[in-house]
Every structure is written in C-alpha cells, then in structure tokens.
Amino acid sequence: MNRVETTFHQHFSKLCQALGQGGALLVSLDEAKRPNAMTIGWAQVGIIWGKPICTVLVRPSRYTFRCCNTTGDFTVNLPRLSQAEQVLFCGTKSGRDYDKFAECGFTPVPPRAPQMSSPFIAECGLAYECRVVHYNDVLPPQLAPEIQESCYPSGDYHRIYFGEILSVHGVEDLDAWLAG
C-alpha cells in the first residue's frame, strides 16, 4: 500500500472521529524490541513549544507505560471501523500476556523518522510518529473532582506523554480507505 507524507493537522478531524468511535492504536516497543499496540480514546494534537505535538495518556498499570518509558517514542495509528475487533482486543488484553501484533494480524513497519524506534501498523491508514519530549503525571489534588470520580475511581492516574510529531503519513486516499 503506497503511503504519502502529510501534515500533522490535515487529517485531525479523522483522528478525533476515531478516538470517539472506538479508538486509535498507540504503538511502542518493549525491552525486547517487540511491538505492542494499545487502544487509546484520548489524545490531543496541537502546537506546544513551537513544535507539532501529540499528547497521549497512559496509566502506569498498562504494559504500554513501560514501553513508552523504554523507547521514548510512540506511534499513533488510525484504524478502520471494520478493524473494531482488533482495536477492542488491543484495549482489553495486555502485551504482558499476548503478542497483539500476531493476534490481530498486524504488520509492524519501521518508522520513517530516523530518531524513532517504534513501528507503525501497516494495516492502519494513517500514522503519527512521535518522539517523547516531555511527560507529566496527573496530579490528583489539581484534578477536578468530577473527573477524579469518573475517570480515576481506583486511583490509577495517567502519565501524559508529549510527543513531538516527526512524521505523519498515510494511504493516498484516506477517505476512500476509511470507507472501504
């Protein structure tokens, strides 16, 4: 499948739609250089420090937390709605117990940006390649009570990774691909 470079904002609305309809897939490598995919429903893209940045949230209890800390980078991949079963699997099973790429039939592709180590998913239509430039942990005392109650009843607060977007690429006609 031929992929073309694009801007970080060209398909932002499609990323937002995916996040709201089942999720996107965050990929990073574990210590053994094995790719792991995790479903995400929260992310943000914008300009911080004069750079294009994608922020993602990962709980310390997740296997992906260790992966992002190991590599210092990640990719965000946009699946089709028809890949809902794989997206659900990646959001409900742990990379500690499963090789999610093998289970889902995903093909890891080396990143295009030379500073990256985490692959993107060949079967996804769009990929953001991001290098972690900063992270913050959510601070419970500074979090609105209603968010704390609804999103953190067990106290497993996220780490927010700020990834500088180094490359964005996808299939040539993303609209047609998504509809297919």
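Two strands count as paired here if DSSP finds at least two bridges between them. That idea helps with much of what follows, and one thing should be said early on: this is a predicted model.

**Strand 2 and its partners**

A good place to start is strand 2, which covers residues 24-29. Strand 2 and strand 3 (residues 35-40) run antiparallel and are paired over six bridges. If you want a spot to look at in this pairing, find Ala24, which stands opposite Ile40 in strand 3.

Strand 2 also has another antiparallel neighbour, strand 6 (residues 73-78), and three bridges join these two. Here you can look for Val27, whose bridge partner in strand 6 is Thr75.

How much of strand 2 is covered? Six of its six residues are buried. In a regular strand, side chains alternate between the two faces of the sheet. On one side of strand 2 sit Ala24, Leu26 and Ser28, on the other Leu25, Val27 and Leu29, and all of them are buried, so both faces are covered.

**Two hairpins, two unusual turns**

Strand 2 and strand 3 form a hairpin with five residues between the strands. Lys33 is found in that loop. With a relative accessibility of 61%, Lys33 counts as exposed, because the cut-off for that label is over 50%.

A second hairpin is made by strand 4 and strand 5, this time with two residues between the strands. Strand 4 (residues 43-48) and strand 5 (residues 51-58) are antiparallel and paired over six bridges. Within this pairing, Val45 has Cys54 of strand 5 as its bridge partner. The loop between strand 4 and strand 5 is where you will find Trp49. Trp49 is exposed too, at a relative accessible area of 53%.

What links the two loop residues is their backbone. Most residues other than glycine have a negative phi. Lys33 is not a glycine, yet its phi is positive, at about 70°. Trp49 also goes positive, with a phi near 55°.

Here are some residues side by side, with their relative accessibility:

| Residue | Relative accessibility | Label |
|---|---|---|
| Lys33 | 61% | exposed |
| Trp49 | 53% | exposed |
| Ala176 | 42% | partly exposed |
| His169 | 0% | buried |

**The chain as a whole**

Stepping back, the chain has six helices and ten strands. Its radius of gyration is 15 Å, close to the 16 Å that the globule rule gives for 180 residues, so the chain is as compact as a globular protein of that length. Computed along its principal axes in the model, the C-alpha trace spans about 45 × 40 × 30 Å. The accessible surface of the chain comes to about 8800 Å², with 52% of that belonging to carbon and sulfur atoms.

Buried residues make up 48% of the 180 residues. Among contacts in the chain with a separation of 6 or more, 72% are between residues 24 or more positions apart.

**Inside the cores**

Which members of the largest nonpolar core touch the most other members? They are Leu26, Phe74, Val76 and Tyr128, in a core of 27 residues. Tyr128 is worth a closer look. Leaving aside its neighbours within four places in sequence, Tyr128 is in contact with residues including Phe8, Phe12, Leu15, Val45, Phe74, Val76 and Ile165. Also in contact with Tyr128 are His11, Thr75, Ser167 and Val168.

There is a second, separate core as well, with eleven residues, among them Val27, Ala37, Phe106 and Ile121. Val27 is therefore a residue of strand 2 that belongs to this second core, while its strand mate Leu26 belongs to the largest one.

**Towards the end of the chain**

His169 sits in strand 10 (residues 159-171). Is His169 buried or exposed? It is buried, because its relative accessible area of 0% is under the 20% cut-off. The side chain of His169 makes a polar contact of 3.0 Å with the side chain of Arg3. Apart from residues within four places in sequence, His169 is in contact with Arg3, Val4, Glu5 and Thr6, and also with Arg112, Phe120, Gly125, Leu126, Ala127 and Glu129.

Further along, Ala176 lies in helix 6 (residues 174-179). Ala176 counts as partly exposed because its 42% relative accessibility falls between the 20% and 50% cut-offs. Ala176 and Val27 are 149 residues apart along the chain, and their C-alpha atoms are separated by 24 Å.

How values were computed. Residues numbered from 1 in each chain as written. Predicted model: local features only at pLDDT ≥ 70, side-chain atom pairs only at ≥ 80, totals over all residues. Heavy atoms only, no water. Helix = DSSP H or I, 4+ residues; strand = E, 2+ residues; numbered from the N terminus. Buried < 20%, exposed > 50% of the residue type's maximum accessible area, 1.4 Å probe, protein only. Polar contact = N/O pair within 3.5 Å; in protein donor to acceptor, adjacent residues only side chain to side chain. Contact = heavy atoms within 4.5 Å. Rg over C-alpha atoms; globule rule 2.2 N^0.38 Å. Areas by Shrake-Rupley, 256 points an atom, 1.4 Å probe, with all protein chains shown as cover. Core = buried A, V, L, I, M, F, W, Y, C linked by side-chain atoms within 4.5 Å.
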